[in-house]
Structures are given as C-alpha cells and as structure tokens.
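Okay, thanks everyone for coming. I'll put the structure up, and then we'll walk through it piece by piece.

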Amino acid sequence: MPRTKQPSTPKVCKLVRVLGENVLPGEQITLDLQVAKLYTRTQVDIPVVVHRAKHEGPTLLVMAAMHGDEVTGIEIARRMLVALKRRPLDRGTLIAIPVLNVFGFLAMQREMPDGRDLNRCFPGSEHGSLAARLAHALVNEVLPAADVVIDLHAGGAQRMNFPQLRYTAGSQPALELARLFDPPVILSSKKIAGTLRHHLAKTDKPYLLFEGGASKQFDDLTTEEGVRGISRVLMGTKMWDQEPRSPRGAAELSNSSWVRANYSGLLDTIVENGAEVKKGEVLAYVNDPYGKSLNKVRAPFNGQVLCVNTSPVVNQGDAMFHIGKA
Ligand SMILES: [Zn+2]
C-alpha cells in the first residue's frame, strides 16, 4: 500500500489583532486609531505602537494621556519605547498608546473637545459623542488584544500625586501585578461608573492605574517609578529575559480621604509628599496675608500622604492633602 503522508500539525500562533490588523511575530508597527476630523478638515490619528517579539507571550497595553494634559505618562510611555529599541522584547507583545486623548493634548487640557471626561465614557458607543466614539474604538479595536492594561495618569491642576498604583478592590490578579510593578504605594479603589477600570472589572483582564505627579508638568520621581515598574512587569512576565530585583515592597492601602481647608488663606505646607503621618500631626498652616495665623492643618488619622495641593492659596473647602491608610 502506498504510504500516506501524515498531515503536519500547523504551528498555532497567537493572533494579535489591533485596529483590524494582524501583527505577526517579530513585527514592529505603528497603526492609527482614527476617530474624527477637526473642524479644519484635518484627520486626527491616534498612533498605536505595537512591538511583537518572535516568541509567544502575554500582550501588555501601556496607555497615557487619557486626560490630555497629563504629560508625565506620555514621557513614561516614550521612555519605554526608547528602551524597547535598545532591548527588544524576548516574548509577547507591547502595545503603546502614548497619547490617547490627542485632542486634549493639543489644547493642553484634561477633557475632550466636547468637554467630556473620556474616563467617564466607557465602554462608549459607535454613534455617541466624540469621547464615547473614542472609548468605543479603544474597547473594540485595541483592548481585545491586551491581556494586561497599565493606564498612566497624573493629578489635576496643582494636585501633586505621590507615585501610586490603583486597582479595583477584590481583583487579585491586578493586586499581584501591582506587587510585581512595586510602586511606593498600592491603593485599592472602589469602582467608578464610566471609567475604564470599571469597564475592565467585568472582564478577567488585570488593569492598573498609575497615578503620579500633576498635570501640565513633568515629575522626575513619577517618571522614574513608572519606567521602573513597567520594566519590572516586562521582566516578571518573561517578556524580557531577566529576573526583576527583589521588590522594595509597597505600602498597601485600602482607604483614603481628603483633608479640606477650614479657612481661606495662604497655604504653608510643611509635610512632604509620601510622608507617613501620625494622627494630629501638623501638615500645614493656613495664614492670612496680614500676619495672622488662621489654622493649623492636622492629620485626621495615622496614614500616608498621597497627594499635596501645591497652590499657594486655598479657599475654604479646598482639598489640600489626600491621606491613605491601611
Ligand atoms: Zn488622569
């Protein structure tokens, strides 16, 4: 009998499909997420950079500037892309969106041109507002490819955040990923409707929100912590063939609240961002411009300072210090 040739088993290759394109092993490409035209008829493209190693591994999405003026995250993503040029991935795929809200970045503002906060518009809709359309495109054309998402943010105007990772309370895979990232602080947070974190909490994809620095400015500590943490994730997931150093160990906090100003006046802050504080410890003085000391601002409980208001002047009710506790 003639010998029949055994069919060879086809090599199964993970499909990495981003914006409708199949990204092949070993490929590095930049794709464009197209959302809308400006009123100048200019098409606005949102570049999505994809680096895929020859060998199989997880897919990590790193995204920044969901809020257009949070530039420190853009710098972290940029530094990671430069690092990948020097040292390509050994396994898996990195998808980087250094500037998600290109519209806000151009205008150096947090919101989309329609005034909406993109991070309250998830999962978005195809025919909704501009922000909803961008959210929808991200959810449907990029997120399905990602196994893990790291989203880079900064504090609002004059709110200087100490570098910290936030994850949805109860998500064990996200907590384990956060411990691998090893930031100074890990804070578990409640779900907020419309956020990407809330949307992804319905899936099994670990999502980490990295907060550090303030909008419209660079913060060296935040940049260093962001690059260090993402590099550790690449090592710990074997995307880079190197063992991460043993972690420093983050402070794991589960609760936080704001200390608000009881008086309007000049703010003289004496506590350092990131400092551990004891209940009753003086954080700042609020003084009037005419030589009168109005108020000592004290820590309401034992905790750690997670954000400092850097404004020279506060009004009654203004948030001054964000304090976290275990
Ligand atoms: Zn943000």
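Let's begin in a loop: alanine 65 sits in the stretch between strand 5 and helix 1. Keep in mind that this is a predicted model. What makes alanine 65 worth a look is its phi, which is near 55°, a positive value in a residue other than glycine. Is alanine 65 buried or exposed? Alanine 65 is buried, because 26 other C-beta atoms lie within 10 Å, and the cut-off for that label is 20 or more.

Next door, methionine 66 belongs to that loop between strand 5 and helix 1 as well. Methionine 66 has 26 C-beta neighbours inside 10 Å, so it counts as buried too. Which residues does methionine 66 touch, leaving aside its neighbours within four places in sequence? The contacts are Leu100, Asn101, Leu118, Asn119, Asp151 and His153. Also, proline 98 is 32 residues away from methionine 66 in sequence, yet the C-alpha to C-alpha distance is 9.2 Å.

Follow the loop on and you get to helix 1, residues 71-86. Quick sanity check on the geometry: 16 residues at 1.5 Å a residue should span 22 Å, and the end C-alpha atoms are 23 Å apart, so the two agree. The buried residues in helix 1 are Val71, Thr72, Gly73, Ile74, Glu75, Ile76, Ala77 and Met80. And what do they pack against? That would be strand 5 (55-64), strand 6 (91-97), strand 7 (148-155), strand 10 (207-214) and helix 6 (220-236).

So, over to helix 6. Helix 6 has 17 residues and reaches 24 Å from first C-alpha to last, close to the 24 Å expected at 1.5 Å a residue. Its buried residues are Thr222, Glu225, Gly226, Gly229, Ile230, Arg232, Val233 and Leu234. A general reminder for reading a list like that: an α-helix has 3.6 residues a turn, so residues three or four places apart point the same way. The cover over the buried residues of helix 6 includes strand 5, helix 1, strand 7, strand 8, helix 4 and strand 10. Just after helix 6, lysine 238 takes a positive phi of about 70°.

One more backbone detail before we zoom out. There's a cis peptide bond between phenylalanine 122 and proline 123, with omega about 5°. Where is proline 123? Proline 123 is in the loop between helix 2 (102-107) and helix 3 (130-141).

Now the overall picture. The chain has six helices and 19 strands, and its C-alpha trace spans about 105 × 50 × 35 Å along the principal axes. Of the 326 residues, 42% are buried. Taking contacts between residues at least 6 apart in sequence, 65% join residues at least 24 apart.

The chain is split into domain 1 (16-251) and domain 2 (254-325), and their C-alpha centres lie 31 Å apart. Each side puts residues into the contact: 13 from domain 1 and 13 from domain 2. On the domain 1 side, strand 8 (159-168) and strand 9 (185-189) each supply at least two residues. Strand 8 gives the most, with five residues. By type, the domain 1 side divides into seven nonpolar, five polar and one charged.

Those two strands are also partners: strand 8 and strand 9 run parallel, joined by five bridges, and glutamine 164 has valine 185 in strand 9 as its bridge partner. Put helix 4 (residues 172-181) between them and you have a right-handed β-α-β unit. Aspartate 182 lies in the loop between helix 4 and strand 9, with phi near 60°, again a positive value in a residue other than glycine. Aspartate 182 counts as buried because it has 21 other C-beta atoms within 10 Å. Strand 9 also pairs with strand 11 (residues 251-253), parallel, over three bridges; there, isoleucine 186 is matched with glutamate 252.

Last stop: an open sheet of four strands, order 16-15-13-18, with antiparallel pairing. Strand 16 (293-298) and strand 18 (313-314) are at the edges with a single partner strand each, so one side of each has no neighbour in the sheet. Strand 15 (residues 282-287) pairs with strand 16 over five bridges, and one bridge sets valine 282 against arginine 298.

That's it from me, happy to rotate the view for anyone.

Methods: Residues are numbered from 1 along each chain as its sequence is written. This is a predicted model: local features need pLDDT of at least 70, side-chain atom pairs count only at pLDDT 80 or more; totals for chains, interfaces and linings use all residues. The expected span of a helix is 1.5 Å times one less than its number of residues. A residue is buried if 20 or more other C-beta atoms lie within 10 Å of its own, exposed if 12 or fewer, and partly exposed in between; C-beta atoms are placed from the backbone. Two residues are in contact if their C-beta atoms, placed from the backbone, lie within 7 Å. Domain bounds come from an automatic or database domain assignment. Ala, Val, Leu, Ile, Met, Phe, Trp, Tyr, Cys and Pro count as nonpolar, Asp, Glu, Lys and Arg as charged, and the others, Gly among them, as polar. Two strands pair if DSSP finds at least two bridges between them. A crossover is right-handed if, with the strands pointing away from the viewer, the path from the first strand over the helix to the second runs clockwise.
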